[in-house]
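Hi,

Here is the structure I promised to pass on. Have a look at it first, and my notes follow underneath.

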Amino acid sequence: MKGSLERARQSHASGVQATAAGHPTRGARLLRTGLFALGWADVPAARPGAGQWSPDPAAAGLAGRLLTSLAHAEAELGNSRFGLRLLDEAAELLTADDRGVLLQQRALILMRAGRSAEAVALFDRAVPLLGHGRHCEVLARTLLNRAVLHLTAGRVGPAREDLGHCRRLAGRHGLPLVAAKALHNLGCCDHLAGDIPAALSAFELAEDAYRQWGAGFLPVLRLDRARALLAAGLAIEAGAELDGVQELFRRQRLSQDHAEAELTRAVAALLAGDPAAARRWAGRAQRRFLRRGNQAWAALAELLRLRAAAARPAAGAAAARPAARAAAAAELADRLVALGLPIDAELAGWLSVRALVAAGRPAEAADRAATLPARPTYSLELRLVGRLGRAELALAGGRRSAAFTQLRAGLATLQEHRSRFGSLDLQVGVASLGVELAEVGLAAALDAGSPRLVFDWVERARAQAFRIRPVRPPPDPQVAEALAELRQLRWVSRQAELTGGREPAALRRCAELERLIRARSWQVRGTGRSSAVTGLRAVATELDQDGKAMVTYASHRGQLIALVVRAGQARLFRLAGYAAVAESTQRLLSDLDALAGRRLPARMESVIMRSLASQLDALARDLVAPVAAALGDGELVLAPTMALASLPWGLLPPLAGRPVSVVPSASSWLSARRAARAEPASPPGPAVLVAGPGLPNAAPEIRELARIYPGGRQLVGAEATVGAVTGLLDGASVAHLATHGHHDRENVLFSRLDLADGPLMAYDVQQLAVPPRLAVLSACDVGRSVVRPGDELLGFTAALLYTGTPTVIAGVSRVPDEAAVPVMTAFHRARVAGAGPARALAEATQARPLTPFVCFGEG
């Protein structure tokens with residue numbers, strides 16, 4: 001018997017360890033082996049209705065502990081009811097000394113089944129019973145699990161307290177896996193409190209510990225990291241993370257975690273603008289939760305399905321449809337309250353209010369809104385939805401001013417959230433969280449017919465990342481090492497391309513390194529401060545000083561609008577549909593790319609030229625002709641929207657030869673103007689003139705420019721390394737880079753310019769302490785940007801503007817080699833003669849009318 005007891009104890013220890021490490025199938029098998037070792041007549045099967053058995057009385061305590069642990073493993077495999085039955089069996093075998101263990105295990109099963117209130121009560125009873133030496137590990141796990149329940153209910157303070165106690169116990173008693181879990185959940189506390197950089201930093205530390213002590217928990221960590229990325233608006237990145245973990249959960253038979261991953265995937269789809277996919281994912285999750293008997297999580301999946309239904313286009317929908325949603329959401333809100341999920345219940349309540357407004361029943365909506373609690377909350381989503389619901393309610397009651405108050409407060413909350421991020425990636429991504437606020441505000445401003453209101457609203461809702469002061473991240477050896485390897489591999493891949501080959505392994509490794517560098521950048525904290533929104537009067541005054549006019553383009557419900565500001569006045573115009581203009585823009589860029597640097601058959605060239613002329617005429621007709629009479633004849637400042645951000649405006653016939661500056665927003669233009677006028681802390685450095693590899697005309701171009709800038713620093717050939725170039729860019733008066741460029745749409749922060757030893761990336765530009773006053777990128781299409789929701793820009797040119805460079809000259813399509821040297825020479829001669837960048841570019845391109853250079857920024 002002694003040998004059997006020892007084998008059973010070993011099986012128990014191994015089974016507990018396997019389950020704790022995220023492998024419940026193996027854990028259950030080991031625990032059953034322990035029961036067999038005790039001579040049981042019938043070991044329970046993983047289903048209700050298993051047979052009865054009687055252990056040897058001498059082994060009763062050990063059998064009870066085996067049953068208790070097996071109950072947890074079975075519950076993790078989706079057999080919660082059976083797990084609770086096993087605990088009933090164990091209760092008859094355990095001594096009073098193990099009562100706390102039994103209570104916390106029952107609480108854990110109830111917690112995983114979504115019965116939060118019952119679980120908290122049992123954890124509270126268990127904690128005092130576990131405070132002695134033999135059960136210290138169990139106490140640490142109990143505190144950990146109670147903290148998770150506090151987090152689910154939004155109680156961050158009590159969760160941090162339990163996790164702190166848990167970490168101290170884990171440290172004293174040598175429990176590294178428990179300590180890793182506590183750190184992981186402290187990251188979840190940071191996420192809930194809105195500190196996403198701190199959350200991601202904690203997750204990275206926990207990941208290192210899991211790799212050493214419990215690799216089975218890595219998928220759960222990735223799930224929580226995806227949730228944090230969603231809180232920063234990075235739906236695509238979160239979706240990729242989630243797609244990678246679902247198969248892992250399936251293999252481990254972790255049905256609860258699998259269902260949670262599906263539900264989070266639904267959130268990512270909804271944020272990415274795909275409500276149909278969101279409903280499918282949420283439906284899968286709901287069915288999986290119901291199979292587990294988890295009513296709370298099934299209700300959360302139902303809430304997401306209702307949100308996705310509400311996001312569907314309303315065109316053609318009958319009034320009964322939002323009314324039905326309102327009733328379903330109200331019923332769900334009551335259910336969520338009963339399930340102990342007050343924050344989610346309030347979200348459902350606001351969904352009901354908004355559906356009633358959409359159904360034309362504002363009085364009922366107001367009555368329902370009055371029942372919702374007005375209390376502080378950590379939930380950013382709830383705060384934004386509450387502002388949106390109150391605004392729609394005010395608009396339905398004809399109280400436009402009250403609606404704007406709510407909408408502005410919502411966007412101010414979002415901007416405060418954005419200002420906590422040091423990463424441009426996250427600052428830009430946050431805009432997707434405020435899309436509905438922006439749409440409702442713009443619609444209300446247009447309905448009012450007030451150009452001032454439209455200007456105010458557009459400026460509050462677009463390119464808000466430019467309002468945040470750039471943050472230089474501290475030195476990071478891991479990032480430095482990754483960047484060095486990335487540069488080398490990019491150089492290797494480029495050499496292979498030039499000889500007609502490919503390096504698949506190098507490209508795969510490049511993608512891994514880029515993910516690592518981005519993830520590290522997400523952990524950088526912001527300053528918590530941002531500049532004020534610019535008013536119409538300030539912009540109009542600045543424009544009048546130089547006789548300029550500004551046109552701000554925006555899109556509302558598929559139609560373009562234009563707001564013209566000139567001579568102290570603002571006028572509003574309604575233009576063509578956005579889709580047709582975006583298609584013409586794309587065709588124009590394709591035609592320009594096809595013509596650049598190629599010898600084409602005469603017939604093909606003729607076809608392309610006719611297409612190009614047709615697109616230019618269409619764009620001029622749709623974008624310029626309707627506003628032409630309001631523009632005057634001075635310089636123009638254009639703030640485009642979406643695809644128009646990459647349009648070569650100077651090629652449009654009505655704008656040929658006219659100085660044009662393209663800006664992200666009126667606010668960013670005014671900030672750049674003021675920065676350009678400000679006295680620098682130290683005199684600007686000399687001109688920096690760089691010729692990259694692989695361009696036959698680059699060195700002659702730089703030699704020609706050196707005559708214009710006799711004191712300039714030339715970097716040609718092997719001298720044009722990344723280190724040398726970045727060192728000279730800091731504080732330069734002019735930076736001219738004649739290099740091959742690559743606009744990377746899939747990973748925009750790694751758009752790059754080729755140098756002698758590898759690429760200079762948009763990521764590198766963000767590290768500059770004092771950006772150049774004027775940057776000129778004379779080759780390829782690095783003037784293009786990826787435009788995210790809220791007209792937030794990402795790309796190489798955008799990176800320079802974000803860093804503080806007032807003006808950037810860059811091409812938005814391929815630049816013909818034979819055009820670059822004469823155009824750039826003429827541009828710089830005009831600049832030295834005193835012309836502003838926009839005017840100098842307009843003059844320089846007169847003789848080369850199809851050169852796709854654009855003046856971005858202050859101009």
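**Cavities first**

The second largest cavity is lined by L695, N697, A698, E701, A738, T739, S778, A779, V815, P816, D817 and A820. Among the elements, α30 (698–708) and α34 (817–832) each give two or more residues to that lining. By class, the lining divides into 7 nonpolar, 3 polar and 2 charged residues, and the volume is about 80 Å³.

Before the rest: this is a predicted model, where local features need pLDDT of at least 70 and side-chain atom pairs count only at pLDDT 80 or more, while totals for chains, interfaces and linings use all residues. Residues are numbered from 1 along each chain as its sequence is written, and side-chain values use heavy atoms, with hydrogens and water left out.

A cavity here is a set of points, on a 1 Å grid over the protein atoms alone, where a 1.4 Å probe fits but cannot get out; lining residues have an atom within 4 Å of a point. The structure holds 5 cavities of 30 Å³ or more. The largest has about 140 Å³ of space and 17 lining residues, with A645, V662, V663, P664 and L793 nearest its centre. Helix α33 (residues 796–803; a helix is a DSSP run of H or I, at least four residues) gives the largest share of that lining, 3 residues.

**And one helix**

Which residues of α2 are buried (under 20% relative accessible area, 1.4 Å probe, protein chains only)? They are P24, G27, A28, L31, R32, G34, L35 and A37. Just after α2, G39 takes a positive phi of about 80°.

Cheers

Terms used. Buried < 20%, exposed > 50% of the residue type's maximum accessible area, 1.4 Å probe, protein only. 1 Å grid on protein atoms, 1.4 Å probe; cavity = no way out; pocket = protein on both sides within 12 Å on 5 of 7 lines; lining within 4 Å. Points joined across faces, edges and corners; volume = space filled by probe spheres on them. Nonpolar A, V, L, I, M, F, W, Y, C, P; charged D, E, K, R; others polar.
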